[in-house]
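Reader: Before I set up any calculation around the ligand, I would like to go through the annotated positions and the ligand surroundings with you. Could we take them one at a time?

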Amino acid sequence: MSRAFNFSAGPATLPEPVLRQAQAEMLEFGNAGASIVELSHRGPEFIAVAQQTEADLRKLLSIPDDYAVIFTSGGATTIQALLPLNFAEAGQAADYVVTGHWGKTALKQAKPYVAANVAANGEAGGYRSIPARGEWHLSPDAAYVHITANETIHGVEFRDIPETGKVPLVGDFSSSIASEPLDIRKFGAIYAGAQKNLGPVGISVLIVDRELLERAGQPRADIFDYRSQLKAESMLNTPPSWNWYMLGLTVKWMLDEGGVAEFAARNARKAAVLYDVIDKSGGFYRNEVEAAVRSRMNVPFFLFDEALDKPFLKEAAAAGLISLKGHRALGGMRASIYNAMPEAGVQALADFMKDFQARNG
Ligand SMILES: *Cc1c(COP(=O)(O)O)cnc(C)c1O
């Protein structure tokens, strides 16, 4: 067996101890006589897993008690569509700050249900920077302001939490949750699909101010109602129990490793190593994002000559460095370096990049 360093943007690499524990427990969970994935979600084993996962997530992210945690299926995209149904009245304004592909997606999902206002848009600049807070055109009566904390494809990341006064801020943290300490009180809600930084695909997390949950929202089926979901402890229907269990193992691993402060330090070092190689390559490699808002999680970069893309990917894979191909919207390369990517993996990539340049520059 040879596990490579996997730079996939999502689903992404998982910590090896998590995979090993899942493997060891695959046939029998504890003394249950069956795998956790074969047991009722109403049974004592899964209930314990679900509760422990929430307790650990609360500890990891320092989630205040007056914020609810809801586990959902359907990915971050489904949450994007349900935000306006739950937190805005029909026809009410909701402000969207679009800083890349995922901000655009959030806007698209909301449009059928609110008067979506693009308060700021980085598209004209190719999403290489984040429009300054002073240039945003916020609606005074908006239901909420939506931002994408880290743009997974374009590689731009908010480094400061913008002030939005009385209007609740909602943040898509799909690709940066748990990557550094965060003051959740600055948000009405944050959410994340798990498959970047929290575990496997198939489960998402919504962390929401209980006061925001009091809003009437718009007519919707019970299953789309976050108040109903909370009341049913995220088990209004059969939850994705395997994914929930895997998320629990991943969160536990992050706590064991030292929590978000430790990951913030590792992530800063990892990002610095890669941007340094790019910036010191004399144009052989290029990242076009404004330095102050470069993502610590996703590093998109281009080679000076596109003809080198294929050999780069081929030789990288041969060196045990996989999934470096950039998103089809941008081309080039992208190295996703979430919490589960060890520093040794990033160092191996940096060494490979320098060597590749020496041979092809
Ligand atoms: C991946 C991603 C999404 C979409 O997640 P799905 O789980 O596929 O719906 C949304 N926002 C961001 C920032 C992402 O990285």
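Author: A word on the annotations comes before anything else: UniProt positions are given in the numbering used here, and such annotations may be inferred rather than shown by experiment. The model itself is predicted.

Reader: Which residues does the UniProt annotation "binding site" cover, apart from Arg42, and how far apart are they in space?

Author: According to the unreviewed UniProt entry, the "binding site" annotation covers Ala76, Thr77, Trp102, Thr152, Asp172, Gln195, Asn237 and Thr238. These positions are spread over 163 residues of sequence, and they are also spread in space, with C-alpha atoms separated by up to 30.3 Å.

Reader: Is alanine 76 buried or exposed, given its relative accessible area?

Author: Alanine 76 sits in helix α3, which runs over residues 75-87, and, neighbours within four places in sequence aside, it is in contact with Ser174, Tyr191, Gly193 and Ser204. Because its relative accessible area is 15% and the limit for burial is under 20%, alanine 76 counts as buried.

Reader: Where does aspartate 172 lie, and what is the distance from its side chain to a nitrogen atom of the ligand?

Author: Aspartate 172 belongs to strand β6, residues 169-172, and with a relative accessibility of 4% it counts as buried. Its contacts beyond four places in sequence include Gln80, Trp102, His146 and Tyr191. Between an N or O atom of the aspartate 172 side chain and a nitrogen atom of the ligand, the distance is 2.6 Å.

Reader: How much of the ligand area does the protein bury?

Author: Two further side chains place polar atoms by ligand oxygen atoms: threonine 77 at 2.5 Å and glutamine 195 at 2.9 Å. Taken alone the ligand exposes 390 Å², and of that area the protein buries 88%.

Reader: Which element gives the most residues to the shell around the ligand?

Author: The residues around the ligand include Gly75, Ala76, Thr77, Trp102, Asp172 and Lys196. By class, the shell has two nonpolar, eight polar and two charged residues. With three residues, the element that gives the most to this shell is α3.

Reader: Is arginine 42, which the UniProt annotation "binding site" also covers, buried or exposed?

Author: Arginine 42, annotated in the unreviewed entry as "binding site", lies in the loop between α1 (16-24) and α2 (44-61). Beyond residues up to four places away in sequence, it touches Ile47 and Met235. Because its relative accessible area is 52% and the limit is over 50%, arginine 42 counts as exposed.

How values were computed:
Residues numbered from 1 in each chain as written. Predicted model: local features only at pLDDT ≥ 70, side-chain atom pairs only at ≥ 80, totals over all residues. Heavy atoms only, no water. Helix = DSSP H or I, 4+ residues; strand = E, 2+ residues; numbered from the N terminus. Buried < 20%, exposed > 50% of the residue type's maximum accessible area, 1.4 Å probe, protein only. Contact = heavy atoms within 4.5 Å. Near = heavy atom within 4 Å. Polar contact = N/O pair within 3.5 Å; in protein donor to acceptor, adjacent residues only side chain to side chain. Areas by Shrake-Rupley, 256 points an atom, 1.4 Å probe, with all protein chains shown as cover. Nonpolar A, V, L, I, M, F, W, Y, C, P; charged D, E, K, R; others polar.
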